[in-house]
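Could you walk me through this model as I click along in my viewer? I would like to know what to select at each stop and what I will find there.

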Amino acid sequence: MDKIRHSLRANVKLMKSEITRYALFGTIIAFAALILATALNAYLQSGGITIQAMIEAQKTNVTLWFMDAMPFIFAFWGQYTSTIMAYEASSMVMEQTANLRDRTVELEHKAVHEATHDALTGLPNRALLYDRLNHAIQIASRRKTGLVMMVLNLDGFKQINDTLGHYSGDQLLCQVVSRLEIMIRKSDTLARIGGDEFAILLDMSTHREMVLNIVKKLQKIFMEPFSIDGLDIEVMSSIGISSFPDHGMDADTIMQRASLALVNAKQSTQKFALYDKEMDKSSPKRITMMGELRNAIDAGELMVYYQPKINLDQTRVSNLEALVRWQHPQHGFLPPDEFIPLAERTGLIRPLTNWVLNTALKQGEQWRKKGLKMGVAVNLSPASFLDTELPNVIVGMLSLYDLPAKYITLEVTEGSMIKDPDLALNILSKLAALGIKVSIDDFGTGYSSLAYLKKLPAKELKIDKSFVLDMLESDSDAVIVKSIIDLGHNLSMKVVAEGVENKETAVKLKTLGCDILQGFYFAKPMNHDDLIQWLDENSSSASQLL
Ligand code: C2E
Ligand code: CA
Ligand code: CA
């Protein structure tokens with residue numbers, strides 16, 4: 001600024017000197033005209049041009065007196081106008097310079113904004129997110145507080161883009177952002193870090209309950225369909241979570257771990273996952289396991305475990321839940337959470353479900369021989385559940401083993417219906433019409449509306465074990481359990497509580513009117529041999545454990 005002022009002052013000086021030069025020429029011309037006029041006057045008066053004659057002419061001719069003033073007038077006028085013009089010009093230049101400077105600052109801001117923000121949504125991009133994350137880490141470590149990083153990804157976005165076009169895809173992204181923006185606080189950062197991937201940096205401690213609360217709120221915004229060109233589109237999201245300082249001390253590690261958690265979230269039924277160091281170990285293992293799972297069924301490495309469901313009305317075991325396991329030659333005994341998501345992604349879930357169904361029906365012959373009329377409940381993944389062939393497959397199996405349809409219960413989660421509620425309702429109705437029992441699993445964790453729930457031909461509602469496990473300590477969980485029991489009964493369904501680990505919980509559930517209990521307190525899932533032995537000892541007396 002000083003530089004500009006200095007050069008302006010120099011320019012003003014230059015302009016003034018230019019104008020003064022022209023004023024000087026004017027003064028010289030005026031002097032020359034004066035001398036010429038005086039000489040001419042002297043000649044006319046005395047017939048010659050002498051100094052004496054010129055002085056005489058000056059004394060006597062009044063017109064020459066006016067001419068005498070001319071050089072002074074020129075000099076003064078020159079000085080005056082030069083000053084005025086120079087200052088006018090300088091203020092004009094000053095004004096233009098200020099405009100130019102404002103525009104430069106504006107352009108600089110625009111360039112910085114474009115380099116750090118996403119053009120479509122206007123959200124911070126990955127670069128700015130890293131910058132903010134680094135800054136937040138510094139502050140949090142100084143204050144000894146925490147940070148939470150959530151990476152959110154839309155399920156099936158590519159499909160929407162491919163079928164409806166990129167313009168609709170963009171519209172969807174903008175609508176998602178509008179909903180997310182309403183939810184987050186001013187102090188949090190929402191960024192777009194990929195096509196359909198968003199990051200949310202939360203300035204908060206990593207208290208599990210608080211994190212879960214936010215996850216619930218985030219999942220809630222996807223409950224309502226998005227309206228794109230008059231079409232209602234259901235979109236689900238997956239969320240991976242990591243935190244500072246628990247999962248990393250620098251931005252790279254925190255981001256990488258949130259992304260790894262996201263990969264796991266995509267495969268989980270809950271659709272979110274908090275980073276765990278086991279994920280580091282299992283990610284390369286998973287890739288090779290995908291191929292191995294194909295052979296596992298034929299190689300006889302899969303097994304069905306059974307967990308009894310205790311019917312409180314009839315004081316006996318009413319049903320057994322079939323839970324699959326994998327005895328892996330290298331990795332040992334694997335729980336379903338480690339390979340069901342793989343099966344879902346590779347299309348192996350249908351043969352796997354059919355195998356579980358078939359094995360459970362076949363092994364069931366042994367307890368049926370003992371006169372135990374217990375049915376079997378099989379879990380259905382979203383993919384196999386939306387398989388229109390499923391009713392036919394089940395009918396075939398029932399006739400093979402000569403069993404009534406009511407022998408089979410299919411456990412489906414609320415989440416599996418959200419993807420295509422109409423198709424879900426259609427298939428469930430077909431199954432129910434055959435006489436197969438439908439049970440809604442993990443109830444309370446999804447978002448099925450009451451109107452939809454009422455339409456479902458389900459006979460059973462299973463309260464998710466997360467509520468049951470904590471119902472003695474947490475009043476809110478106890479209230480949820482009680483409400484679900486009442487809700488199920490009002491919809492003429494039997495209510496099952498799973499995750500019953502101790503007597504107190506079992507007694508409490510009984511007083512709340514729950515119909516069926518399942519959990520480690522009665523029996524852990526067992527292989528077929530252990531089950532037969534357990535049934536011999538407990539089949540009619542299990543509820544006496546209460
Ligand atoms: P789920 O359907 O909710 O099954 C209940 C899970 O809770 C089982 O875990 C069971 O072992 C566990 N559990 C039972 N009682 C208690 C208890 O008192 N306390 C606690 N903490 N847990 C209890 P598991 O066997 O590891 O199965 C996990 C999930 O894997 C199942 O959740 C189900 O969603 C899925 N799954 C299992 N078998 C199959 C299958 O054949 N097909 C499909 N699609 N999914 C399956
Ligand atoms: Ca289940
Ligand atoms: Ca369950």
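Here is a short tour that begins at the ligand and then moves on to aromatic rings and two loops. Please keep in mind that this is a predicted model.

**Stop 1: the ligand and its shell**

Select ligand 1 and show the residues around it. You should find 23 residues in this shell, and the closest are Arg325, Asn379, Ser381, Glu501 and Phe520. If you colour the shell by class, you will get 10 nonpolar, 5 polar and 8 charged residues.

Now pick out the polar contacts. Start with the backbone of Val324, where a polar atom is 3.1 Å from a nitrogen atom of ligand 1. Next, show the side chain of Asn379, which places a polar atom 3.0 Å from an oxygen atom of the ligand. Then go to Lys465: a polar atom of its side chain is 3.1 Å from an oxygen atom of ligand 1.

How much of ligand 1 does the protein bury? On its own the ligand exposes 800 Å², and the protein buries 88% of that.

Switch to a cartoon view to see where the shell comes from. Three elements give two or more residues each: strand β9 (316–328), strand β13 (437–443) and helix α17 (465–469). Which element gives the most to the shell? Select β9, which contributes 4 residues.

**Stop 2: a charge over a ring beside the ligand**

Stay with Phe520, one of the closest residues to ligand 1, and add Lys524 to your selection. Lys524 lies over the face of the Phe520 ring, 4.9 Å from the ring centre.

**Stop 3: aromatic pairs**

The whole structure holds 6 aromatic pairs, and two of them are worth a visit. Select Phe76 and Tyr80 to begin. This pair is stacked, with 6.3 Å from centre to centre and 15 degrees between the planes. Both residues sit in helix α3 (residues 62–116), and because they are 4 residues apart there, about one helical turn separates them. Turn on the surface and you will see that Phe76 is exposed, at 60% relative accessible area, while Tyr80 is partly exposed at 48%.

Now move to Phe222 and Phe226. Is this pair stacked or tilted? The ring centres are 5.9 Å apart and the planes meet at 55 degrees, so the pair is tilted. Hide the surface for this one: Phe222 is buried at 6% relative accessibility, and Phe226 is buried at 1%.

Keep Phe226 selected and add Arg179. Arg179 lies over the face of the Phe226 ring, at 3.8 Å from the ring centre.

**Stop 4: two buried charged residues in loops**

Select Asp188, in the loop that runs between α6 (166–183) and β2 (189–194). With a relative accessibility of 7%, Asp188 counts as buried. What does its side chain meet? Show the backbone of Asp203, whose nitrogen lies 3.4 Å from a polar side-chain atom of Asp188.

Finish at Lys271, which you will find in the loop between α8 (251–267) and β7 (272–274). Is Lys271 buried or exposed? At 18% relative accessibility it is buried, since the cut-off for that class is under 20%. Follow the side chain of Lys271 to the backbone oxygen of Lys266, which it reaches at 3.1 Å.

How values were computed
Residues numbered from 1 in each chain as written. Chains lettered and ligands numbered in written order. Predicted model: local features only at pLDDT ≥ 70, side-chain atom pairs only at ≥ 80, totals over all residues. Heavy atoms only, no water. Near = heavy atom within 4 Å. Polar contact = N/O pair within 3.5 Å; in protein donor to acceptor, adjacent residues only side chain to side chain. Areas by Shrake-Rupley, 256 points an atom, 1.4 Å probe, with all protein chains shown as cover. Nonpolar A, V, L, I, M, F, W, Y, C, P; charged D, E, K, R; others polar. Phe/Tyr/Trp six-rings, centres within 6.5 Å; stacked < 30°, edge-to-face > 60°. Buried < 20%, exposed > 50% of the residue type's maximum accessible area, 1.4 Å probe, protein only. Lys NZ or Arg CZ within 6 Å of the ring centre and 35° of its normal.
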